[in-house]
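Thanks for making the time this morning. Please have the sequence and the structure open while I talk, and stop me if you lose the place.

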Amino acid sequence: MEDNKAKENKVDENKKVEEKKKLSLRSRIIITIAVVVVLIGVAWLVYYLVDYKRGQSIYDDINKDYTASNGDEWYNKIDVNIAELKQKNPDTRGWIYFENEEISYPVVQAADDDKYLNTSFDGQQLRAGSIFLEALNSGDFSDKNSIIYGHNMRDQSMFGRLQKYKYEDNYYNDHLYFQVLTADKIYRYKVFAYNDVSDTSDVYTLSFASDNEYVKYINMVKQLSQQQIDVPDVSEPNATDNEKIIQNYKKLVTLSTCTDRDDMRFVVLGTLVGEYDRINKQLIYDSVNK
């Protein structure tokens, strides 16, 4: 009896030892997995930080090399050497510049909208990619609605700062104007609408079959806007409501960036309020300071 009991005790002890070994092995595996996960997380964080810094450096250098401040008037706040930019990248279509905000980038255009999603202006692989014009748009910004895309970067580079319209009260009051500079023109736009929209929204319409369709579009955009913002009234004295819309919203630029939802985008729309001839140094149109 005593021998059997001793054997049973020994068996129990062996089981306990085996269980401890199993627990120890499990603990080591769990710790190892946790360490690997942490190391991967740190590696991705370092990659992102390096990538952000590299992107900032690329576009800081482009601003430094190709832009200059000229004066106080809206049409000479910034001067951009578009000709040299086109030599560096033939896909260059112009430059976007926000008055009173740190949004100042070259605008490129490719036959495929995917090309510049993660490719910088100088051809490097970069998460921030480039600011680019919709492939179906005319490269001279002559369409009724030109769409410009840019990433919503966490460091607020590219179009990351556009989110301030959505989250900062009255931000739009001091950030109503942006410009598009081409080789021969400077176009000034006033922001009049912004909000989240579906990635298949009619906001992304480029051209319109008739004036009536365009009027419907403008009314739709104004209704969905987070804020109701007036634009300069340059319509004729006896113009109808529809005619006023057509005359006051001559051409549009829609700025589009991503949100935290894959099926949603944040858009900022501006209407043309100024045009300057860079070649002849002549102001063509200015509805703000008329």
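Asn170 counts as partly exposed, because its relative accessibility comes to 46%, and in this model, which is a predicted one, Asn170 is found in the loop that runs between helix H3 (163-167) and strand S7 (177-181). Although Asn170 is not a glycine, its phi is positive, at about 65°. Most residues other than glycine have a negative phi.

Phe141 also has a positive phi without being a glycine, with a value near 60°, and Phe141 belongs to the loop between S5 and strand S6 (145-149). Is Phe141 buried or exposed? Phe141 is buried, because its relative accessibility is 1%, and the cut-off for that word is under 20%.

Let me step back to the chain as a whole. The secondary structure consists of 5 helices and 11 strands, and of the 290 residues in the chain, 45% are buried. If we take contacts between residues at least 6 apart in sequence, 62% of them join residues that are at least 24 apart. The exposed area of the chain is about 16,400 Å², of which carbon and sulfur atoms supply 48%.

The largest nonpolar core has 72 residues, and those that touch the most other members are Trp95, Ile96, Ile148, Leu162, Tyr165, Phe192 and Leu255. Strand S8 gives the most to this core, contributing 8 residues. To take Leu162 as an example, and leaving aside residues up to four places away in sequence, Leu162 touches Phe98, Ile103, Leu255, Phe266 and Val268.

I would next like to look at strand S4. Why can S4 be described as largely enclosed by the rest of the structure? The reason is that 5 of the 5 residues of S4 are buried. On one side of the pairing we have strand S3 (residues 92-98), which pairs with S4 in the antiparallel sense over 5 bridges, and here Trp95, which I listed a moment ago for the core, stands opposite Pro106 in S4. S3 and S4 make a hairpin with 5 residues between them, and in the turn Asn100 has a positive phi of about 70°. S4 is also joined to strand S5 (residues 131-133), with which it runs parallel, through 2 bridges, and there Val107 stands opposite Ile131 in S5.

That brings me to the aromatic rings, where the count comes to 13 aromatic pairs. One of them is formed by Tyr59 and Tyr105, which meet edge-to-face, with 5.4 Å from centre to centre and 80° between the planes. This pair links distant parts of the chain, since Tyr59 is in helix H1 (residues 2-66) and Tyr105 is in strand S4 (residues 104-108), and the two are 46 residues apart. Tyr59 is buried, at a relative accessible area of 5%, and Tyr105 counts as buried too, at a relative accessibility of 8%.

Another edge-to-face pair is that of Phe192 and Tyr249, with 5.0 Å from centre to centre and 65° between the planes. Phe192 is in strand S8 (residues 185-198), while Tyr249 is in the loop between helix H5 (241-248) and strand S9 (252-258), so this pair ties together parts of the chain that are 57 residues apart in sequence. Phe192 is buried, with a relative accessibility of 1%, and Tyr249 is buried as well, with a relative accessible area of 5%.

There is also an aromatic cluster to point out, made up of Tyr165, Tyr171, Tyr172, Tyr194 and Phe266. Two of these names have come up already: Tyr165 was in the list for the core, and Phe266 was among the residues that Leu162 touches.

Which rings have a charged side chain over them? The charged end of Lys144 sits over the ring of Tyr214, at 4.6 Å from the ring centre, and Arg188 lies over the face of Tyr177, at 4.0 Å from the centre of that ring.

I will finish with helix H5, where Ile245, Gln247 and Asn248 are buried. What do the buried residues of H5 pack against? They pack against helix H4 (211-224) and strand S10 (264-277).

Notes: Residues are numbered from 1 along each chain as its sequence is written. Side-chain values use heavy atoms; hydrogens and water are left out. Rings of Phe, Tyr and Trp (its six-membered ring) pair if their centres lie within 6.5 Å; planes under 30 degrees apart count as stacked, over 60 as edge-to-face and the rest as tilted. Helices (H or I, at least four residues) and strands (E, at least two) are DSSP runs, numbered from the N terminus. Buried means under 20% relative accessible area, exposed over 50%, partly exposed in between (1.4 Å probe, protein chains only). A charge sits over a ring if NZ of Lys or CZ of Arg is within 6 Å of the ring centre and within 35 degrees of the ring normal. Two strands pair if DSSP finds at least two bridges between them. Contact means heavy atoms within 4.5 Å. Accessible areas come from the Shrake-Rupley method with a 1.4 Å probe; for residues, only the protein chains shown count as cover. A nonpolar core is a set of buried Ala, Val, Leu, Ile, Met, Phe, Trp, Tyr and Cys residues joined through side-chain atoms within 4.5 Å.
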